Amino acid sequence: MNQNISDTNSKKIIETDRKWYQLSDKKIAKIYKTNLSIGLTEQEATERLKKYGPNCLPSSKKPNIFVIFLKTFLDPLCIIMALAGLITIIAGIINQEMSIPDVAGLCIIGLIIITNSLISTYQEIKSMNYISSLGNKEEILISVLRDGVIKQVNVEFLVPGDVVYSKLGEFIPADLRIVDQSVLKIDESSLTGESEPVEKSAEVIKEDNLVISDQKNIAFMSTMILEGKLVGLVLNTGLDSEIGKIASKITTHKTNRTPLEKKIKALTIRIGIIALIFGALLLAFSLFIRDELPVALQAWNTLLLLAVSAAISVIPESLTIIVKLCMMIATKKMDKNNVQVKNPKSIETLGNVNVICSDKTGTLTQNKMHVDQFFVDFKYHPNPSQITKNKHFLTAFALCNDAITNPDNQILGGATEVAIVKFLEQQKINYLNLKKLYPRVDEIPFDSKRKMMTTVHKNKNHFTSYTKGAFDYLLANSTQKIIDGEISALTAEDRTTIENQAFEFARKGMRVLGIAFKNLKSLDDEYENDLIFIGAVAIIDPPRPEVKEAIKTANDAGVRVVMITGDHKITAQEIAQRLGIYTEKYNQVITGAEIDTLSQEELSEKIKSTNVFARVSPEHKAVIVKLLQEQKNIVAMTGDGINDTPSIVKADVGIAMGISGTEVTREVSDVILKDDNFKSIVYGVRAGRNVYEKIKYSISFLIAANISQVLTILFILLVNKGVALNSVNILFHIFVIETIVAIPIGMGYDRKGVMWNPPPSHKKESLLKGIKMQIIITTTLSSLFAILNYEFAKFFTDNDILAQEFGKTGVYISIMFAPIVYSFLYNNFFLPINQKGLLIKKKEKFILNKRLLIFSFLALFLAIITLVPVEQINKFFDFSTIGLPAGLIAIFVTNTILTILSIWLTYQGYIKVKNWWWNKKSHEK
Ligand code: ATP
């Protein structure tokens with residue numbers, strides 16, 4: 001039943017899901033008891049605010065820190081560890097005894113669980129604080145008609161029935177029925193996910209059952225005006241609005257996993273299953289040969305703990321911590337290098353990007369503009385300080401200009417306009433005086449679609465409009481010309497003369513800005529047609545010197561750079577050519593007009609060989625991104641204006657300009673370029689790739705170290721009926737030593753060479769791609785030498801028990817020391833390889849990672865002190881180094897060195913063979 005607003009009870013009384021789009025605004029106003037030309041009274045608005053509540057969306061509930069801490073224990077790693085600990089305790093209770101190493105094992109398990117939980121809690125709190133800092137917005141004021149007066153009201157106090165005014169760049173404050181509008185385009189992507197702007201109107205719609213995107217006469221809360229303005233009647237506020245209905249369902253704090261985290265989780269689960277099978281086998285087999293084992297190991301609780309620890313050791317648990325650290329360090333480093341990442345997910349995506357779409361002005365160029373040449377009275381002037389007699393030309397530029405001079409005499413404004421003011425100064429024109437003399441009475445601001453701006457000025461009792469803009473657009477709107485004060489028709493020949501001159505400027509890479517005027521009969525006249533062409537200035541905006549190199553780096557890295565500009569085709573082509581964007585392979589320029597006329601298929605085909613898009617408007621950017629993505633590219637897109645938001649949202653990585661960008665663009669983007677510089681984007685790509693590569697190194701290292709340890713245990717158990725490492729050694733090694741060693745791999749230096757390879761291709765690409773051989777070589781050789789150590793011990797004593805003890809020490813040394821040293825290889829000598837053979841095209845100079853060196857030595861020191869013959873420590877780690885023959889020590893040390901050398905040499909050999917094979921195959925082709 002349709003309830004009416006006049007039912008004044010304390011409940012909400014407006015039917016929120018009525019089909020308002022089918023009713024006329026007058027009818028709705030009647031239902032809402034409001035007057036479209038006066039609005040609500042303040043008193044009624046206050047009453048309604050009590051009934052409907054504030055117009056805001058629920059903020060996500062911030063969970064308590066203690067709850068976050070407790071939740072971290074639900075992590076699969078913690079559960080496995082806790083289970084392992086529990087099994088040990090229960091087994092100890094049943095058996096009524098627990099050895100010192102068992103207790104030590106339990107202590108380590110406890111330590112790991114607590115450390116993991118503390119790190120995870122810290123991470124969670126940090127990211128929550130960041131998210132809530134994003135939500136700390138300033139008070140938003142909305143223009144509302146109340147008591148017949150337009151007032152500024154806090155958005156939270158809007159009520160159903162209010163009449164509001166919204167304009168370009170503003171968010172729609174509530175669900176509104178559009179009452180009046182100019183050309184109106186709204187970005188509804190926040191609500192519908194559709195990035196194409198939607199055209200809206202106030203017309204009643206007859207159809208039934210329309211989805212949100214088809215309700216063209218309703219503007220929805222949180223969407224944004226990309227073009228035009230509107231007057232609207234508030235239908236629903238807060239939770240009753242369409243976005244409110246969605247938001248109320250998703251208010252709880254939720255952290256999304258990044259693709260990398262998902263991949264790691266999937267990998268860990270797969271390895272976990274293998275670990276379980278392995279643990280079960282180990283337990284079954286050790287119980288089977290229990291009587292043949294040393295007495296100390298015969299207790300079934302000890303064997304159980306051994307199986308559980310060995311199984312746990314297969315899983316690369318430290319990886320989660322390493323990934324988090326890598327991301328944290330990368331975010332900090334990127335921030336220092338002017339790339340502010342709002343979401344760690346973007347670091348990964350940046351590394352995968354293979355197309356960067358960049359604006360020209362300010363990003364590829366310096367945005368330090370100056371007028372270099374000009375054209376007036378159909379005469380070319382090669383020098384800006386060559387004074388022209390045509391004062392009308394200069395007055396027009398002075399009046400049609402938004403730059404201002406502050407009390408410190410600094411000229412503030414857009415770079416184009418500041419350049420013009422400086423040119424006027426060279427021409428000895430005081431533009432401020434002119435502005436006072438001929439006050440501005442109306443204007444049509446510049447927009448990147450019309451590529452022009454117009455101001456209207458009063459001169460005694462008549463009005464003159466001045467239009468400045470892109471010369472081709474201006475020329476298209478001009479029908480007359482003025483030469484030496486004489487106005488005459490603009491002939492086809494004149495147009496050719498002007499165009500030829502403008503093309504001449506453009507070929508030098510200059511942007512050409514024309515100026516025209518019109519004597520108006522009244523302010524009701526059309527301002528921007530039938531213009532009288534006066535002349536043009538050519539403005540130089542040189543490319544940033546560092547950009548050419550950055551583009552080359554990007555190209556070498558398999559990343560295509562696409563220039564998208566509002567500037568003229570010829571100017572764009574010239575600048576693109578200088579920067580290496582317009583090349584033999586990409587030798588076309590597409591204009592916005594062509595995008596409008598070509599079919600999607602034709603455009604899609606053309607885009608494959610085009611890197612320069614000129615005279616485009618922001619809407620075209622979204623089309624370009626869409627087509628590039630359809631061609632399986634991962635696209636980064638820059639933007640600064642409000643109108644760029646759809647393309648920024650659509651791109652895989654949306655990059656906003658920190659200096660020239662608007663607040664809205666920065667809000668919707670993934671990355672903010674603090675210095676607006678293209679070079680920083682390339683830095684971001686490099687940082688993203690380095691993070692990915694380091695995580696791969698860490699995975700390779702951890703898997704190799706873990707599996708070699710397990711293989712050694714298994715081999716010695718099966719062949720020698722001995723236990724090479726006990727639970728405490730395993731746990732200490734995987735959680736303390738390996739983590740300490742693996743962390744610096746993740747923190748290592750960024751490698752320049754990552755930019756000599758193609759991008760790590762697909763979202764679904766396996767994490768093990770390119771590192772399988774590293775893992776196989778390292779695993780095989782390190783377990784081989786560890787086993788050899790064990791076997792050699794037999795030759796130094798006839799006593800079986802002593803041989804066992806010596807052997808164990810040998811395995812421990814090998815398993816513990818070798819990874820500490822071969823971890824160097826990962827950051828210094830190993831390089832990932834793809835299926836196409838060796839990825840390094842040039843010899844890369846390695847910087848020895850000093851940080852890694854210090855960390856590794858600390859780890860080594862730690863390992864040594866656990867081995868020194870201090871009885872207490874030995875007992876704790878179930879060792880005995882007492883009486884170890886010097887010859888055996890020499891063999892252990894030699895074997896450890898051989899482990900590292902053999903891994904390195906085998907890997908180098910593998911690279912050579914693979915390269916040779918690849919070259920051979922390429923030649924055959
Ligand atoms: P980008 O390369 O970053 O897209 P752009 O400045 O070339 O930047 P727009 O700002 O859309 O792109 O400008 C398009 C064209 O409009 C310019 O080439 C210039 O001819 C004209 N133009 C730019 N600024 C003004 C202005 N303030 N007044 C009049 N015309 C302008």
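Trainee: Which residues line the second largest cavity?
Mentor: Lys-185, Pro-197, Leu-226, Glu-227, Pro-618, Glu-619, Asn-643 and Pro-646. A cavity is a set of points on a 1 Å grid over the protein atoms alone where a 1.4 Å probe fits but cannot get out, and lining residues have an atom within 4 Å of a point.

Trainee: What am I looking at, model-wise?
Mentor: This is a predicted model: local features need pLDDT of at least 70, side-chain atom pairs count only at pLDDT 80 or more, and totals for chains, interfaces and linings use all residues. Residues are numbered from 1 along each chain as its sequence is written, and side-chain values use heavy atoms, without hydrogens and water.

Trainee: Which domains supply the lining of that cavity?
Mentor: Domain 1 (7-50 + 140-251) and domain 2 (340-366 + 544-683) each give at least three residues. The bounds come from an automatic or database domain assignment.

Trainee: Now the largest nonpolar core. How many residues?
Mentor: It has 116, with Ile-581, Phe-678 and Ile-699 making the most contacts inside it. A nonpolar core joins buried (under 20% relative accessible area, 1.4 Å probe, protein chains only) Ala, Val, Leu, Ile, Met, Phe, Trp, Tyr and Cys residues through side-chain atoms within 4.5 Å.

Trainee: Where does this core lie?
Mentor: Domain 2 and domain 4 (770-834 + 842-925) both give residues to this core, so it lies between them.

Trainee: What does Ile-581 touch?
Mentor: Beyond its neighbours within four places in sequence, its contacts (heavy atoms within 4.5 Å) are Leu-364, Ile-551, Val-561, Met-563, Ala-576, Tyr-586, Asn-611 and Val-612. Another core, of 33 residues, lies apart from the largest one and includes Met-369 and Phe-423.

Note on methods. On a 1 Å grid over the protein atoms alone, a cavity is a set of points where a 1.4 Å probe fits but cannot get out, and a pocket is an open set with protein on both sides within 12 Å along at least five of seven lines; lining residues have an atom within 4 Å of a point. Buried means under 20% relative accessible area, exposed over 50%, partly exposed in between (1.4 Å probe, protein chains only).
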